[in-house]
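I opened this notebook to keep track of what I looked up, one entry at a time. The entries below follow a few charged side chains and their partners.

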Amino acid sequence: MNVDAVVLDIDGVLVDVADSYRRAIVESLESVYGETIPKEAIQQFKDAGGFNDDWELTYAAALYLLGSREGMDHDIDEFTDGIAEHGGGLDAAEAVIRESLDESAVEAVFDAWDPERLRDVFQQLYLGSDLYRELEGGEPEMETAGFVNDEPVLVEPETIEALHERYDVGVVTGRPAAEADIAMDRVGLSVDDEYRFTMDDWEEGKPHPHALRTVAERFGAERVAFAGDTLDDIRTAVNADAADDDRVYYGVGVLTGGLTGDDGRRKYSGAGAAAVVESVNDLPDLLE
């Protein structure tokens, strides 16, 4: 690819979030509504697009549960397919609810829907009591250690060293800034703030190309590889390449997140990935 800059996602690339963010989605729904979705169904929402923000994915999954209570006959496959058909994301999930139920049932769903409560429970579970007090500024209802402590490191120190030696290295992530700091400190990745975009730095979220393009421009890069673990990460690179006549962008799919095996490779390829690697630790050799 002959790139001069490498931009990394965090979740599923640098750290494994199966037992942290994804567990928080499942358990937040259970806590607030007394029922939940299977953990494997989270990937179906991710594949539908527009769920770079795990809070919004949680809200959308809650709509599915509440819609089902009111008689919606979609299973999760049909619900997430409907989200994809409407363009992905939370607005699309709301649209599926409105077109699948009568007016009184829709009203009942949105009366019971409580995104603010879901977010608060999610943060308590994910951060744990101490970090919740520090970052959210409130008193938690439960004393927990926090799922944030259950994020195995996926990237090897040698990989970080090799990337820094050969390329400009940036980060584009859907994490809030404070939670991005936690993960980057854990893996030993140092990136100046001007080359890092988090949830707090831009409104659009992936797959909008703004953050990736801005990092590339700030580096003065001509050819950029963006490694991520979702189809929206690949779409971000594809969209940046289409929008930026001055640079070339390559999306690299990593098989250590929700997309794995041959099925993951096919999905990445279908989304326009330039390459697929088993883990981020294969990236230096791929680029070399």
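**Entry 1: D11 and its surroundings**

I began with the accessibility of D11, which comes to 13% in relative terms, so I noted this residue as buried, since the cut-off for buried is under 20% relative accessible area. I keep in mind throughout that this is a predicted model. I then looked up where D11 sits along the chain, and found it in the loop that runs between β1 (5-8) and α1 (21-33). Leaving aside residues up to four places away in sequence, I listed V17, Y21, R175 and D229 as the residues that D11 touches. For one of these, R175, I also noted a polar contact between its side chain and that of D11, at 2.6 Å.

**Entry 2: the salt bridge of D11**

Which residue meets the side chain of D11 in a salt bridge? I found that it is R175, with 2.6 Å from N to O. This pair links distant parts of the chain, as D11 belongs to the loop between β1 and α1, while R175 belongs to the loop between β2 (168-172) and α9 (177-187), and the two are 164 residues apart. I checked the accessibility of the partner as well, and R175 counts as buried because its relative accessibility is 1%.

**Entry 3: K267 and D47**

Next I turned to K267, which forms a salt bridge with D47, and I wrote down 2.9 Å for the closest N and O atoms. Here too the pair links distant parts of the chain, with K267 in helix α12 (residues 261-271) and D47 in helix α2 (residues 42-48), 220 residues apart. Is D47 buried or exposed? With a relative accessible area of 16%, D47 is buried, whereas K267, at 31% relative accessibility, counts as partly exposed.

**Entry 4: R133 and E139**

I also looked up R133, which forms a salt bridge with E139, the closest N and O atoms lying 3.0 Å apart. In this pair R133 is partly exposed, with a relative accessible area of 29%, and E139 counts as exposed at 57% relative accessibility.

**Entry 5: the network and the count**

After that pair I asked which residues are joined into one network by salt bridges that share partners. I recorded D11, E151, R175 and R186 as the members of that network, which brought me back to the residue of my first entry. To close, I noted the count for this model, which comes to 27 salt bridges.

Notes. Residues numbered from 1 in each chain as written. Predicted model: local features only at pLDDT ≥ 70, side-chain atom pairs only at ≥ 80, totals over all residues. Heavy atoms only, no water. Helix = DSSP H or I, 4+ residues; strand = E, 2+ residues; numbered from the N terminus. Buried < 20%, exposed > 50% of the residue type's maximum accessible area, 1.4 Å probe, protein only. Polar contact = N/O pair within 3.5 Å; in protein donor to acceptor, adjacent residues only side chain to side chain. Contact = heavy atoms within 4.5 Å. Salt bridge = Lys/Arg side-chain N within 4 Å of Asp/Glu carboxyl O.
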